[in-house]
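User: Hello! I would like to learn how to read the packing features of a protein model, one step at a time. Could we go through this one together?

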Amino acid sequence: MPKIHSVARALTMAMVMLVLALPAGAKQDNSATQSAAQSSDVYYEIFVRAFYDTNGDGVGDINGVTAKLDYIKSLGVRGIWLMPINPSPSYHGYDITDYEGINPQYGTMQDFKRLLDEAHKRGIKVVMDMVINHTSDQHPWFKAAQNPKDPHHNWYVWATPQSDLSAISATGGPAWHRAPNGQYYVGVFTSAMPDLNYDNPAVRKEMISVGRFWLKQGVDGFRLDAAQHIYDDLRSDMDSPVALKKNVTWWSEYLHGLQTTNPNVWLVGEVARQNPDDLVPYMGPLSTVFNFPVATQLLNSVRQERNLGIGTGLEYTYAAYRAHAQGQFDDAPFLTNHDQNRVMSELEGNMAHMRLAAALLLTLPGHPFIYYGEELGMRGTKPDEDIREPMRWYRNSGPGVASWKTWSMGDGPDVSVEAEEADPNSLLNLYRSLIGWRAQISALRDGVLHNVPVDDPHVLAYTLQDAQSRVLIVHNLSRDTRTVPLSRALPNATILVQSKTGAVVTQGQLSLPPYGSAILH
């Protein structure tokens, strides 16, 4: 494949062109430029168990994340999201037994505070997974709740004579499960995860207290697991305006409670809905939500090599977000996460498609999220353990590789940090270049998006504009060179950066190589 720009060249060009992209007559603000250069707004999702093992027990640990902060910084990301690190009886940690503790397999509170300190020294924020829709059935609260006279009994949702014990949960399994005391309780996900009762003021108070506890340790924010399921318990609740209103009311209360400790706390919610309109009500109560609809649309467009309405859909969605949240909104696009088949597997190992998907994601405004190993092209398909496999650090074996499970997908030695660091044309270095663009061109992070209609169905084009710059982003989704007239968007445009050499502007037309992306001003 044609060579991409080297990381250094891409960053240098982007820095120079940022100045050129300023509106006519504007003066360059060096301090603002330097500040922008330090932040890409990209986050990196880490499964601690699978990331890096510092004590040789086969399990990745918190000290392992600390040890690899320089690698994380080299990607150019702004922050990390740690999947659950609290004590839990499961390998994944989404059933918690102590909300103010650290999983002993991962380390200690002292280890975690050191991670926070070292991450912050590098300008990296730390977001914790906050799993408060449900506890573990091994949590002391649930054990105490077996006694109807114990105050914790009302911390959970118990069946009444009117309850339909055959009801299906919002996630598709049985909603009701029998406890050791013979009563039935709601567990939206599994019987091992009993749902908390958020109609109980004591539960709401306690969970705000838990959030404040971690903010006091220095955490910057939270990824809110199952944010839609606080009240959306049954399949019949999924489109209930009552459940939605109660969800939104709770998250507003939660946000205001946390802001008493950290006014700048950042909250990103998991609202796994495919209709963008279902995400809008959460804007304001939460800083943002993961954009599941655009993730689906990006992958489908890449597979089909056609523009399936990404630009028009995002323009509509962002306008709705902005109207609902009085202009104060964000977005959290991604490709796949720890609950889904990995991107490279979804794209059937097609590296050209993988590189295009990365370019699409990282030229969208907001806070894009990358799942660890995505930048290497790691593959993985369900069951869940096989999409949460050890990070591939070396061509072969080496120190620190988490051996809690073996790799299942047969990725060769070239799919590793060691191999891709040495290859300037690797997927890893493409990710670094794309993230570098974001750090230097502020409109990629904060710009207002407007779709640019293009007659060619294999081309996606849109503009992003903020106070500093206005840029045009064009993607060729096909295996053939495409020519795009620029008169509708930027008639006198010139190329700032491109993902592949070969993009040229001639007589008001952009020629873009196969699967190529370019930013123009």
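Analyst: Gladly! Let us begin with a definition: a nonpolar core is a set of buried Ala, Val, Leu, Ile, Met, Phe, Trp, Tyr and Cys residues joined through side-chain atoms within 4.5 Å. Buried here means under 20% relative accessible area. Please keep in mind that this is a predicted model.

User: How many residues does the largest nonpolar core have, and which of them have the most contacts inside it?

Analyst: The largest core has 141 residues, and Y44, F112, F222 and Y254 are those with the most contacts inside it. Helix α13 gives the most to this core, with 8 residues. Another core, of 16 residues, lies apart from it and includes V459, V484, L510 and L520.

User: Let me look at one of those residues. Leaving aside neighbours within four places in sequence, what is F222 in contact with?

Analyst: Beyond those neighbours, F222 is in contact with V127, M128 and M130, with G211, W214 and L215, and with Y254, L258, V265, W266, L267 and V268. Y254, one of these partners, is also among the residues with the most contacts inside the largest core.

User: Back to α13, then. How many of its residues are buried?

Analyst: 10 of the 11 residues of α13 are buried, so the helix is mostly covered by the under 20% cut-off. The buried ones are A352, H353, M354, R355, L356, A357, A358, A359, L360 and L361. At the N-terminal end there is a cap from N350, with a side-chain oxygen 3.1 Å from the backbone nitrogen of A352.

User: How should I describe the way α13 packs against another helix?

Analyst: In general, two packed helices are described by the angle between their axes and the distance between the axes. Here, α10 (residues 292-304) and α13 (residues 351-361) pack at an angle of about 140 degrees, and their axes are 10 Å apart. The crossing of these two helices is right-handed.

User: Which residues meet where α10 and α13 pack?

Analyst: From α10 come L298, V302 and R303, which meet H353, L356, A357, L360 and L361 of α13. The residues of this contact divide into 6 nonpolar, 1 polar and 1 charged.

User: Now for single residues in loops. Is S426 buried or exposed?

Analyst: S426 has a relative accessible area of 4%, which is under 20%, so S426 is buried. This serine sits in the loop between α14 (417-421) and α15 (427-440). The S426 side chain reaches the backbone nitrogen of N429 at 3.2 Å. Not counting residues up to four places away in sequence, S426 touches R355 and E420, and R355 is one of the buried residues of α13.

User: What about S40: where is this residue placed?

Analyst: S40 is in the loop between α2 (30-37) and β1 (43-46). At 0% relative accessibility, S40 counts as buried. A polar atom of the S40 side chain lies 2.7 Å from the backbone oxygen of G76. Among the residues touched by S40 are G76, V77, R78, I435 and R438.

User: Could we finish with two helix residues? Are A67 and L69 buried or partly exposed?

Analyst: A67, in helix α4 (residues 62-67), counts as partly exposed at 47% relative accessibility. L69, in helix α5 (residues 69-75), counts as buried at 0%. Further along the sequence, L69 is in contact with L115, E118, A119, R122 and I124. L69 and R122 are 53 residues apart in sequence and 8.0 Å apart in space, C-alpha to C-alpha.

Note on methods. Residues are numbered from 1 along each chain as its sequence is written. This is a predicted model: local features need pLDDT of at least 70, side-chain atom pairs count only at pLDDT 80 or more; totals for chains, interfaces and linings use all residues. Side-chain values use heavy atoms; hydrogens and water are left out. Axes are lines fitted to C-alpha atoms, for helices over the stretch in contact, and angles run from 0 to 180 degrees between N-to-C directions. Helices (H or I, at least four residues) and strands (E, at least two) are DSSP runs, numbered from the N terminus. A crossing is left-handed if the near helix is turned anticlockwise from the far one by less than a right angle, and right-handed if clockwise. Contact means heavy atoms within 4.5 Å. Ala, Val, Leu, Ile, Met, Phe, Trp, Tyr, Cys and Pro count as nonpolar, Asp, Glu, Lys and Arg as charged, and the others, Gly among them, as polar. Buried means under 20% relative accessible area, exposed over 50%, partly exposed in between (1.4 Å probe, protein chains only). A polar contact is a pair of N or O atoms within 3.5 Å; within protein, one must be able to donate a hydrogen and the other to accept it, and residues adjacent in sequence count only if both atoms are side-chain atoms.
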